[in-house]
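The following exercises concern a protein chain and its bound ligand. Each task is followed by a solution that proceeds step by step.

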Amino acid sequence: MSTDNAKAVEGCVFCQIAAGRIPSIRIYEDENFIAFMDISPQTEGHFLIVPRDHYPTLTDVPDSILAKVLPLAKNLGDAAMTGLGVEGFNLLQNNGAVAGQAVDHWHMHVIPRREAGEIPFKAGAPADLTKLPFVAENIRINVPPTRA
Ligand code: AMP
Ligand code: ZN
């Protein structure tokens, strides 16, 4: 948590926005997060939920911050549905350049949706069932024990 953006990273556009050095159109802020309109929206009303502190990707974000993200996304998504008169929204977030992450400061997209197909999601090809168990095992053996 920080209120003075103590961990701001030079050259990071979202750290600059959090510090008020680059303008943004904000819809929400608290001690941990800011939310502002995306400058290149996927749909009208697309905004971003951004921690004030700089964490590059999801795996860098403390659980204490992540625990607050979904309740906030729920409330802001609900506000978007009411305020924009839309019936749904997507939550999206990208981790790593290979996954399409362009801004190296972790963030969640909230994308209001008006019609099916507005953003094209392609269905995947059917899995190769001779490989799938081995792919799964490579993930499973790295899952940490469940915490109580
Ligand atoms: P991602 O590809 O998940 O890293 O998404 C980065 C998002 O940040 C994109 O949707 C951009 O349009 C958005 N973005 C980049 N710079 C700004 C900015 N200065 N103000 C608002 N949104 C921005
Ligand atoms: Zn940053």
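**Exercise 1. Describe the surroundings of ligand 1 in this predicted model.**

Step 1. Begin with the residues around the ligand: ligand 1 is surrounded by 16 residues, each with a heavy atom within 4 Å of the ligand. The closest are Asp38, Gly100, Ala102, Val103 and His109.

Step 2. Classify the shell by residue type. Nine of its residues are nonpolar, six are polar and one is charged.

Step 3. Locate the site on the protein. Ligand 1 occupies the largest pocket.

**Exercise 2. Identify polar contacts between the protein and oxygen atoms of ligand 1, taking N or O pairs within 3.5 Å.**

Step 1. Consider a side chain. Asparagine 94 places a polar side-chain atom 2.9 Å from an oxygen atom of ligand 1.

Step 2. Turn to the backbone. A polar backbone atom of alanine 102 is 2.7 Å from an oxygen atom of the ligand. For valine 103, a backbone N or O atom lies at 2.9 Å from an oxygen atom of ligand 1.

Step 3. Assess the burial of the ligand. Ligand 1 taken alone exposes 510 Å², of which the protein buries 83%.

Step 4. Relate the backbone contacts to the shell. Ala102 and Val103 are both among the closest residues to the ligand.

**Exercise 3. Determine which secondary-structure elements each supply at least two residues of the shell around ligand 1.**

Step 1. Name the elements. They are helix H1, residues 13-18, and strand S2, residues 33-37.

Step 2. Find the leading contributor. H1 gives the most to the shell, with three residues.

**Exercise 4. Establish how strand S2 is paired with strand S1.**

Step 1. Determine the sense of pairing. S1, which spans residues 26-29, and S2 are antiparallel and pair over three bridges.

Step 2. Examine one bridge. Tyrosine 28 has alanine 35 of S2 as its bridge partner.

Step 3. Examine the connection. Three residues form the hairpin that joins S1 to S2.

**Exercise 5. Place these elements within the overall chain.**

Step 1. Count the elements. The protein chain contains three helices and five strands.

Step 2. Read their order. Starting at the N terminus, the elements follow the pattern α-β-β-β-α-β-β-α.

Step 3. State the overall dimensions. Along the principal axes, the C-alpha atoms fill a box of roughly 55 × 40 × 35 Å.

Notes: Residues numbered from 1 in each chain as written. Chains lettered and ligands numbered in written order. Predicted model: local features only at pLDDT ≥ 70, side-chain atom pairs only at ≥ 80, totals over all residues. Heavy atoms only, no water. Polar contact = N/O pair within 3.5 Å; in protein donor to acceptor, adjacent residues only side chain to side chain. Areas by Shrake-Rupley, 256 points an atom, 1.4 Å probe, with all protein chains shown as cover. 1 Å grid on protein atoms, 1.4 Å probe; cavity = no way out; pocket = protein on both sides within 12 Å on 5 of 7 lines; lining within 4 Å. Sits in = over half its atoms within 2 Å of the grid points. Helix = DSSP H or I, 4+ residues; strand = E, 2+ residues; numbered from the N terminus. Nonpolar A, V, L, I, M, F, W, Y, C, P; charged D, E, K, R; others polar. Pairing = 2+ DSSP bridges.
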